[in-house]
Amino acid sequence: MTVVRPAGPGAGLGPGAGGGVGAGGGGGVRSGGAWLEDPYARALRAGRGPLFLRRPDGWVLPLEVERWLADADPADESVLSRCRGAVLDIGCGPGRLVAALAGRGHPVLGVDVSPAAVTRTVRRGGSALCRSVFGPLPGEGRWTTALLLDGNIGIGGDPGALLGRVAGLLGPVGRLIAEAAEAEVDECHEVRLDDGRGPRGVPFRWSRLGPTALLRHAERAGWTPLDTWTASGRHFAELAPGPAA
Ligand SMILES: C[S@@+](CC[C@H](N)C(=O)[O-])C[C@H]1O[C@@H](n2cnc3c(N)ncnc32)[C@H](O)[C@@H]1O
């Protein structure tokens with residue numbers, strides 16, 4: 001596994017101070033391997049889609065590659081303004097949020113299994129680690145804010161397992177900001193990455209949770225919802241691990 005850090009701004013990461021350097025972690029842990037190469041890497045290198053998650057029955061979910069490659073937008077801003085302390089962006093992609101948070105002086109680390117995504121994040125001036133969220137990470141149990149945006153609650157295809165993992169990454173006053181799907185769905189499917197041009201990616205499990213399902217899974221996993229909001233048609237929840245104080 002590759003660890004990439006820019007010279008300078010990433011040097012003082014909070015919970016992971018010093019811990020962001022090192023190898024290992026298993027990019028293939030819990031299906032992360034599907035995002036390692038084409039067609040996701042092709043789309044990031046080209047700087048555009050189309051890119052889809054394709055189910056075996058032919059249903060496709062378009063992925064917003066151009067939005068991920070752009071700067072943070074007003075909906076992102078509604079998340080950024082709620083971030084406190086040291087931030088871990090899980091499945092950071094090409095790093096628009098990592099770069100925006102670093103620009104505001106937050107200690108911030110992106111984690112992603114895709115070397116192409118990590119490379120883009122670093123080029124934008126962010127710090128990122130090429131590793132699975134389910135592998136060992138720096139600062140475990142000390143992060144102040146964790147992010148699961150752009151559908152990343154789907155990582156691993158088991159929201160309960162992912163939420164349990166994130167709870168273990170946060171410190172005592174830590175918070176998760178998670179994004180729900182627009183539609184009221186609660187589903188998990190086998191999908192492949194597909195750009196409609198080259199070979200499809202390997203199959204992996206991916207979940208989609210709408211606003212109600214996100215809160216249901218969070219509460220089932222022991223989280224307390226603190227806030228929910230909608231910005232530019234996107235739905236978000238701020239969650240605290242454990243019961244309400
Ligand atoms: C739907 S995209 C989200 C893009 C991203 N949030 C952004 O700002 O561009 C999912 C991202 O999660 C990453 N990913 C998938 N499985 C992962 C895992 N197990 N651990 C960390 N990242 C993972 C993918 O490589 C991809 O960049």
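Me: Buried means under 20% relative accessible area, with exposed over 50% and partly exposed in between (1.4 Å probe, protein chains only). Going by that, which residues of H4 are buried?

Reply: In H4 the buried ones are Arg96, Leu97, Val98, Ala100 and Leu101. Names like H4 come from DSSP runs, numbered from the N terminus: helices are H or I with at least four residues, and strands are E with at least two.

Me: Before I go further, what kind of model is this?

Reply: This is a predicted model, where local features need pLDDT of at least 70 and side-chain atom pairs count only at pLDDT 80 or more, while totals for chains, interfaces and linings use all residues. Residues are numbered from 1 along each chain as its sequence is written, and side-chain values use heavy atoms, leaving out hydrogens and water.

Me: Thanks! Back to H4: what comes just after it?

Reply: Gly105 sits just after H4 and takes a positive phi of about 90°.

Me: And H5, which of its residues are buried?

Reply: H5 covers residues 115-123, and its buried residues are Ala116, Ala117, Val118, Thr121 and Val122. Just after H5 comes Gly125, with a positive phi of about 95°.

Me: Switching to strands. How many residues of E8 are buried?

Reply: Eight of its eleven are buried, so E8 is largely enclosed by the rest of the structure.

Me: Does E8 run parallel or antiparallel to E7?

Reply: Parallel: five bridges join E8 to strand E7, residues 143-148. Two strands pair if DSSP finds at least two bridges between them. If you want a spot to click on, Ala146 stands opposite Leu176 in E8.

Me: What about E8 and E12, parallel or antiparallel?

Reply: E8 and E12 pair in the antiparallel sense, over five bridges. Here you can look for Ala178, which stands opposite Ala237 in E12.

Me: I keep bumping into Arg67. Where is it, and is it buried or exposed?

Reply: Arg67 belongs to helix H2. With 15% relative accessibility, Arg67 counts as buried.

Me: An arginine, buried! Which residues is Arg67 in contact with?

Reply: Setting aside its neighbours within four places in sequence, Arg67 is in contact (heavy atoms within 4.5 Å) with Asp73, Asp76, Arg96, Asp150 and Arg234. You met Arg96 earlier, as one of the buried residues of H4.

Me: Now the empty spaces. Which residues lie nearest the centre of the largest pocket?

Reply: Those are Trp68, Asp150, Gly151, Asn152 and Trp206, out of 49 residues that line the largest pocket. On a 1 Å grid over the protein atoms alone, a pocket is an open set of points with protein on both sides within 12 Å along at least five of seven lines; a cavity is a set where a 1.4 Å probe fits but cannot get out, and lining residues have an atom within 4 Å of a point.

Me: Which element gives the most to that pocket's lining?

Reply: Strand E10 does, with six residues in the lining of the largest pocket. Other elements supply at least two residues each, including H2 (65-69), H4 (96-103), E8 (170-180) and E12 (234-241).

Me: Last one: which residues line the largest cavity?

Reply: Its lining is made of Leu53, Arg55, Trp59, Leu61, Glu187, His189, Val191, Trp206 and Arg208. E9 (186-194) and E10 each supply at least two residues there, and E9 gives the most, with three. Trp206 also appeared among the residues nearest the centre of the largest pocket.
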